[in-house]
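User: I should like to learn how descriptive terms are justified for a protein model. Please take me through them one at a time.

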Amino acid sequence: MAENGCANPVWPCAMTGAVATLAGFPDLCVIIHGSSGCYYYPRSLLKVPLFSTYLLESEIVFGTIDRLHEVVTSVAATGKPIAVVNSCVPALTGEDLKTALSGETAIFVDAPGFCGNAEEGAEKVFSTVNPVVDASAAGVNIDGVNLLDLFWRGNLHETERLLNLLGIPVAVRFCRDSWERLGRGAAPVTVSVNPSYASNVGECLGSVLFPDIPKTVDRLCAAFPDADADAVLTEWQKAEEQMYYVCDKYLRKYTPPVVAVAAQEGYAVCAKRMMEQYFGSDVPVVFARNRTAAEIPYSINSVEINAAVREAEPDLILGSTFEAAACRKAAFFGITPPDRSRVSVAARPFAGVEGGLMLIEGVLNALMNRQKGT
């Protein structure tokens with residue numbers, strides 16, 4: 001349990017990840033089969049309508065199938081498709097819960113929290129749903145959109161904007177689309193806004209995180225010969241020039257900041273590369289939240305991460321408020337939940353051209369406020 005998200009507060013469990021993935025389809029009713037605590041945690045994080053069986057101790061002892069059938073039947077009256085996500089306690093009882101869904105339009109995702117972290121929960125959803133790829137479907141899928149991501153809305157808007165400049169239509173948005181649209185089939189190719197939430201649907205042509213944009217645009221133009229890359233690449237180049245200018249202006253007065261990073265792998269690698277590229281930073285501490293990490297170490301252990309942060313004595317922390325608490329004298333910019341340093345209601349991107357500019361802007365403001373002692 002030491003590496004499990006439900007044993008450590010740094011990252012949500014698989015059940016929460018599965019719920020977040022399914023809740024991205026607004027026309028899908030998501031039922032959490034578990035206690036009130038298993039409902040209120042994802043409900044408080046996601047802030048979208050969810051349903052629950054609110055299991056009691058007696059139902060755990062004598063069986064939960066009747067209660068699940070009751071809730072599914074009630075929700076089915078809406079006429080919308082249903083997804084049931086299993087939680088830890090009923091998963092341990094060994095009941096055949098799928099029998100409660102007979103005759104109803106519902107899918108069952110067995111993703112109890114003990115089977116991993118949020119990313120494993122998302123994988124459980126995709127392996128259960130198994131989206132169909134339609135070879136004749138036009139456009140490109142947008143991947144990596146997950147309601148747990150602080151930047152999901154901004155990422156989606158920014159990627160749609162860039163694809164529009166390229167002249168490439170959007171197919172299915174994983175996962176912020178209609179369930180009905182998903183049923184018609186996804187396109188054969190995909191681009192990602194957050195590689196840590198990969199659906200593995202279609203061929204991924206790359207991410208639209210700022211450092212990856214030129215290569216991803218090249219692959220998109222190879223797949224869509226009529227696409228026009230000039231507008232996007234010109235915008236990317238101008239944004240990079242602006243980044244060098246504002247960072248150089250900071251560096252004329254201050255030394256390059258020492259940086260600690262802790263986030264999902266895609267975001268962590270992106271942040272590390274950009275801090276090294278535009279600030280000339282030393283990044284001695286970098287941790288990935290998810291187990292697919294290849295370039296950087298994986299850890300969700302708050303004791304291990306915070307000890308490394310304190311030892312490095314960074315000037316800047318890019319991560320969550322868990323890491324910020326480990327070195328309060330450092331500047332902080334939140335790039336992964338939980339971020340309790342600010343109220344976030346706008347659709348800020350981390351991906352795309354605007355996402356790259358947003359990161360540099362946020363870092364500069366955090367560093368300048370630290371220098372001012374505010």
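Analyst: The following exchange sets values against definitions. This is a predicted model, in which local features need pLDDT of at least 70 and side-chain atom pairs count only at pLDDT 80 or more, while totals for chains, interfaces and linings use all residues. Residues are numbered from 1 along each chain as its sequence is written, and side-chain values use heavy atoms, with hydrogens and water left out.

User: Why does V286 count as buried or exposed?

Analyst: Buried means under 20% relative accessible area, exposed over 50%, and partly exposed in between, using a 1.4 Å probe and protein chains only. V286 has 11% relative accessibility and therefore counts as buried. V286 belongs to strand 10, residues 282-288; helices (H or I, at least four residues) and strands (E, at least two) are DSSP runs, numbered from the N terminus.

User: What is V286 in contact with, leaving aside its neighbours within four places in sequence?

Analyst: Contact means heavy atoms within 4.5 Å. With those neighbours left aside, V286 is in contact with V261, A268, K272, I296 and P297. The C-alpha atoms of V286 and K272 are separated by 7.7 Å, and these residues are 14 residues apart along the chain.

User: Which terms apply to the accessibility of Y54 and of E313?

Analyst: Y54 has a relative accessible area of 34%, so Y54 is partly exposed. E313, at 51% relative accessibility, counts as exposed. Y54 is not a glycine, yet its phi is positive, about 45 degrees; its place is in the loop between strand 2 and helix 3 (57-62). E313 is likewise a residue other than glycine with a positive phi, near 50 degrees, and E313 lies in the loop between helix 12 (302-312) and strand 11 (316-319).

User: What makes helix 7 and helix 14 oblique?

Analyst: Two packed helices are described by the angle between their axes and the distance between the axes. Axes are lines fitted to C-alpha atoms, for helices over the stretch in contact, and angles run from 0 to 180 degrees between N-to-C directions. Angles under 35 degrees count as roughly parallel, over 145 as roughly antiparallel, 65 to 115 as roughly perpendicular and the rest as oblique. Helix 7 (residues 152-166) and helix 14 (residues 352-372) pack at about 135 degrees, with axes 7 Å apart. Helix 7 is therefore oblique to helix 14. E158, R161 and L162 of helix 7 meet G352, V353 and E354 of helix 14.

User: How is the contact of helix 7 with helix 14 divided by class?

Analyst: Ala, Val, Leu, Ile, Met, Phe, Trp, Tyr, Cys and Pro count as nonpolar, Asp, Glu, Lys and Arg as charged, and the others, Gly among them, as polar. By class, this contact has 2 nonpolar, 1 polar and 3 charged residues.

User: What is the angle between helix 10 and helix 14, and which term does it earn?

Analyst: Helix 10 (residues 230-251) packs with helix 14 at about 10 degrees, their axes being 10 Å apart. Helix 10 is therefore roughly parallel to helix 14. The residues of this contact divide into 12 nonpolar, 3 polar and 2 charged.

User: How do you know that the buried residues of helix 2 line one face?

Analyst: In helix 2 (residues 36-46), Y39, P42 and L46 are buried. Seen down the helix axis, the buried residues fall within an arc of 85 degrees, so they line one face of helix 2. The arc is that of the directions from the helix axis to the C-beta atoms. An α-helix has 3.6 residues a turn, so residues three or four places apart point the same way. Helix 1 (14-22), strand 1 (29-33) and strand 2 (51-52) are included in what covers the buried residues of helix 2.

User: What makes strand 6 and strand 8 edge strands?

Analyst: Two strands pair if DSSP finds at least two bridges between them. In the open sheet of 4 strands, ordered 6-5-7-8, the pairing is parallel. Strand 6 (170-173) and strand 8 (203-207) are its edge strands, since each pairs on one side only. Strand 5 (residues 140-143) and strand 6 pair in the parallel sense over 2 bridges, and V140 stands opposite V170 in strand 6. Helix 7 packs on this sheet, touching strand 5, strand 6 and strand 7 (189-192).
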